[in-house]
Amino acid sequence: MSTNCLDGKSTSRSYYMSPEPFWRQELQPDAPKTARTFLCAGRVGGQDPTVKRQDLYPQNVDLPPILPKKKKKPYPIPLKKIQQAARADKKLAEKGIEKPLEPPKNGLLVPDLIPVAYRVLEAWKVLIEGLAQLLHVVPVHGCSVCSEVHVGQTGHQIQDCRGPGNVHRRSYHTWVKGSINDVLLPTESYHQYDPFGRRIKHETRFNYDRIPAVVELCIQAGVDVPEYPSRRRTKPIRMMGKKVIDLGGFVEEPKPYRSGNPSYPLLQLDTYMSHIGQFSAPAASDVPRLAQETLKAYEIVRWGVRKLMRKYSAKACGYCSEVHVGPWGHNAKLCGEFKHQWRDGKHGWQDATVDEVVPPNYVWHVRDPKGGPPLRGALKRFYGKAPAVVEVCTQAGAKVPDIYKPMMRLDIVIPDTEEASLVA
């Protein structure tokens, strides 16, 4: 049995006192994920001044808390800062001074982020194709009555199902074969030819295509996709407060690509179209390499989306999982979550986070997916979790990145069922 503390608070206090959790820090895809060594130059207590100290990740960390559904999500930006910015804009508008806007807030592109957008889109294609091939090797199971997903040969036996009829099944899950949409949760957004143009209304929502939010973010950041054109302005937008005083005129938007087109050629960009049957199973010798490339593509997508969202606006509903890429959210009345009657079905828009645009979808980590026993509820506090994409790639032979090791609890020895009650 490991002698380390299970929650890791006693040995890694500094990580919990840091102002930003480690899963929100910027992940550089090309940087080495190794431990960093620091040299202490001061002498403390008569020790050698050249003492090496290893800055390692903590042994375990808890996952982000599950937010209650009967309450609005917290604002990513503190509310006081939002109110201060609104007051400053209002004062400028009262004085007749235009609001100072920089790209891309004024409708112009950011040249430095165009290569990043192209890299993210290419990594997105590699991620979808790699997952579709790895699912031939690594089985994925999904519960037919709830949103639980498990990666392994058989489904786990943890009794945490909250779907319909769970009382009659003693909260056991009803496992069925999963798909790529269970691993990479589909998050779609409306595609607009002019994001600063007319807002999408409830009656006109069918006049716009729904594409993955990552693809829409890359298109607005400068990627040219012929099937989904986007307006590129040469003159900036002028605003006074919340009012747009110079938009450059409204232009007629092209018709949606999918309407009247039964053949959809962009199979590499959409998880709905990239079905597992369209990609053949990889050779056994190529599985570890493919898993490593897929995991690297996932890291690049997360890194690139985080970098793009620092400049380009993306909105998320504070009550449901709807995401809209653009300066303003749409007006479609499709929200059915907490107290939607009070809002007439409209979404409560706020700034989106990376986890809302690219949901990690945490699943239980399986130590021995081939010969180990199934996971049980009595030992679930000893099990770790990881994003579903990471779990699929690691079971296929990819190396576990250091950033995910604390949440996977790889240093914890799982006791037998009889010994679990004796563990402090």
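Which residue in strand 12 does cysteine 317 stand opposite? The partner is tryptophan 349, and the legends below start with an overview before coming back to this pair.

**Figure 1. The whole chain, with its nine helices and 14 strands.** Please keep in mind that this is a predicted model. Of the 424 residues in the chain, 42% count as buried. The accessible surface amounts to about 23,700 Å², and carbon and sulfur atoms hold 54% of that surface. Among contacts with a separation of 6 or more, 71% link residues that are 24 or more positions apart.

**Figure 2. An open sheet of three strands in the order 11-10-12.** The pairing in this sheet is antiparallel. Strand 11 and strand 12 are the edge strands; each has a single partner strand, so one side of each lacks a neighbour in the sheet. On average, neighbouring strands here are turned by 35° against each other, direction ignored. Look next at strand 10, residues 314-317, which pairs with strand 12 in the antiparallel sense over three bridges. Here is the pair from the opening question: cysteine 317 faces tryptophan 349 of strand 12.

**Figure 3. Lysine 339, in the loop between strand 11 (323-325) and strand 12 (349-351).** This loop joins the two edge strands of the sheet in the previous view. What is the sign of phi at lysine 339, positive or negative? It is positive, near 55°, in a residue other than glycine. For comparison, most residues other than glycine have a negative phi. Lysine 339 has a relative accessibility of 35%, so this residue counts as partly exposed.

**Figure 4. A second open sheet, with three strands in the order 4-3-5.** Pairing is antiparallel in this sheet. Strand 4 and strand 5 stand at the edges with a single partner strand each, so each has one side without a neighbour in the sheet. The average turn between neighbouring strands is 35°, direction ignored. Strand 3, residues 140-143, is joined to strand 5 by three bridges in the antiparallel sense. Within that pairing, glycine 142 has valine 176 of strand 5 as its bridge partner.

**Figure 5. Arginine 170, in the loop between strand 4 (149-151) and strand 5 (175-177).** Is arginine 170 buried or exposed? With 58% relative accessibility, arginine 170 lies above the cut-off of over 50% and therefore counts as exposed. Its backbone also deserves a glance: phi of arginine 170 is near 55°, a positive value in a residue other than glycine.

**Figure 6. Helix 3 crossing helix 6.** Two packed helices are described by the angle between their axes and the distance between the axes. For helix 3 and helix 6 (residues 287-309), the axes come within 8 Å and cross at roughly 145°. The crossing is left-handed. Sorted by class, the residues in this contact are 19 nonpolar, four polar and three charged.

**Figure 7. A cis peptide bond between proline 103 and proline 104.** Omega of this bond is near 5°. As background, most peptide bonds are trans. Where along the chain should you look for proline 104? Proline 104 sits in the loop that runs between helix 2 (79-94) and helix 3 (114-134), and helix 3 is the one shown with helix 6 in the previous view.

Definitions and conventions
Residues numbered from 1 in each chain as written. Predicted model: local features only at pLDDT ≥ 70, side-chain atom pairs only at ≥ 80, totals over all residues. Heavy atoms only, no water. Helix = DSSP H or I, 4+ residues; strand = E, 2+ residues; numbered from the N terminus. Buried < 20%, exposed > 50% of the residue type's maximum accessible area, 1.4 Å probe, protein only. Pairing = 2+ DSSP bridges. Axes fitted to C-alpha atoms, helices over the stretch in contact; angles between N-to-C directions. Left-handed = near helix turned anticlockwise from the far one by under 90°. Nonpolar A, V, L, I, M, F, W, Y, C, P; charged D, E, K, R; others polar. Contact = heavy atoms within 4.5 Å. Areas by Shrake-Rupley, 256 points an atom, 1.4 Å probe, with all protein chains shown as cover.
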